[in-house]
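Please take a moment with the chain before reading on. The paragraphs that follow move from the interior of the fold to its charged and polar side chains.

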Amino acid sequence: MAGWTVEVDRAACLGCGVCVAYAPGSFEQDDEGQAVFLDPPADPEPDIRMAVDGCPTGALRLSAAAADDRDRADYEKKA
Ligand code: SF4
């Protein structure tokens with residue numbers, strides 16, 4: 001996932017921990033229970049995608065830096 005990160009919408013995060021369950025090497029919960037993405041992530045991409053897709057509130061979003069537009073285009077082709 002070079003060039004990729006996961007954005008956490010803290011207003012939408014309920015602190016349920018589903019993302020941590022799917023990808024414990026890539027997410028943790030802070031003192032308020034809010035999800036934090038650990039960059040660089042320590043889980044395979046499919047696990048991170050499951051975490052993003054499994055969030056019950058849609059608080060997680062895969063995103064890429066502007067400099068990585070080519071990677072993003074490649075990723076979106078696979079999605
Ligand atoms: S799965 Fe979604 S709502 Fe639950 S802790 Fe992770 S980001 Fe927050």
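Two residues are said here to be in contact when heavy atoms of theirs lie within 4.5 Å. The model is a predicted one, and every value below is computed from it. Under that criterion, and leaving aside neighbours within four places in sequence, Gln29 is in contact with Gly15, Cys16, Gly17, Val20, Gln34 and Ala35. Gln29 lies in strand β2 and, at 34% relative accessibility, counts as partly exposed. Its side chain has a polar atom 3.0 Å from the backbone oxygen of Gly15, and a polar atom of the Gln29 side chain is likewise found 2.9 Å from the backbone oxygen of Gly33. One of the contact partners, Gly17, is twelve residues from Gln29 in sequence, with the two C-alpha atoms 7.3 Å apart in space.

From this strand one can turn to the interior. In soluble globular proteins, nonpolar side chains tend to be buried together. The largest nonpolar core of this model has 16 residues, and those with the most contacts inside it are Val6, Cys19, Phe27, Ile48, Val52, Leu60 and Leu62. At least two residues of this core come from each of β1 (4-8), β3 (35-37), α2 (45-54) and β4 (60-64). Phe27 shows how such a residue reaches across the chain: beyond its neighbours within four places in sequence, Phe27 is in contact with Val6, Cys19, Val20, Val36, Phe37, Leu38, Ala51 and Leu60.

Which elements do the buried residues of α2 pack against? Within α2, the residues Ile48, Ala51 and Val52 are buried. They lie on the same side of α2, because the arc that they cover around the axis is only 95 degrees. The buried residues of this helix pack against β1, α1, β2 and β4, whereas Pro46 and Asp53, on the other side of α2, are exposed.

The same helix also carries a charged pair. Arg49 and Glu45 both lie in α2, four residues apart, which is about one turn of the helix, and they form a salt bridge in which the closest N and O atoms are 3.6 Å apart. Arg49 counts as partly exposed because its relative accessibility is 23%, and Glu45 is also partly exposed, with a relative accessible area of 27%.

How many salt bridges does the structure hold? There are four, and the one within α2 can be set beside a group that involves loops. Side chains of opposite charge can pair when their charged atoms come close. Arg10 forms a salt bridge with Asp30, the closest N and O atoms being 2.9 Å apart. This pair links distant parts of the chain, since Arg10 sits in the loop between β1 and α1 (18-22) and Asp30 in the loop between β2 (27-29) and β3, 20 residues apart. Arg10 also meets Glu32 in a salt bridge between their side chains, at 3.2 Å from N to O. Here again distant parts of the chain are linked, with Glu32 in the loop between β2 and β3 and 22 residues from Arg10. Arg10, Asp30 and Glu32 are thus linked in a network of salt bridges. Their accessibilities can be given in turn: Arg10 counts as partly exposed at 38%, Asp30 counts as partly exposed at 24%, and Glu32 counts as exposed at 65%.

A polar residue can also be followed into a buried setting. Is Ser63, found in strand β4, buried or exposed? Ser63 counts as buried because its relative accessibility is 9%, which falls under the 20% cut-off. The side chains of Ser63 and Glu7 are joined by a polar contact of 3.0 Å. Not counting residues up to four places away in sequence, Ser63 touches Gly3, Trp4, Thr5 and Glu7.

The cysteines give a last point to consider. A disulfide is a covalent bond between the sulfur atoms of two cysteines. A search of the whole structure finds zero disulfides. Cys19, which is among the core residues with the most contacts, counts as buried at 9% relative accessibility, and Cys55 is buried too, with a relative accessible area of 17%.

How values were computed
Residues are numbered from 1 along each chain as its sequence is written. This is a predicted model: local features need pLDDT of at least 70, side-chain atom pairs count only at pLDDT 80 or more; totals for chains, interfaces and linings use all residues. Side-chain values use heavy atoms; hydrogens and water are left out. A nonpolar core is a set of buried Ala, Val, Leu, Ile, Met, Phe, Trp, Tyr and Cys residues joined through side-chain atoms within 4.5 Å. Buried means under 20% relative accessible area, exposed over 50%, partly exposed in between (1.4 Å probe, protein chains only). A polar contact is a pair of N or O atoms within 3.5 Å; within protein, one must be able to donate a hydrogen and the other to accept it, and residues adjacent in sequence count only if both atoms are side-chain atoms. A disulfide is a pair of cysteine sulfur atoms within 2.5 Å. The arc is that of the directions from the helix axis to the C-beta atoms.
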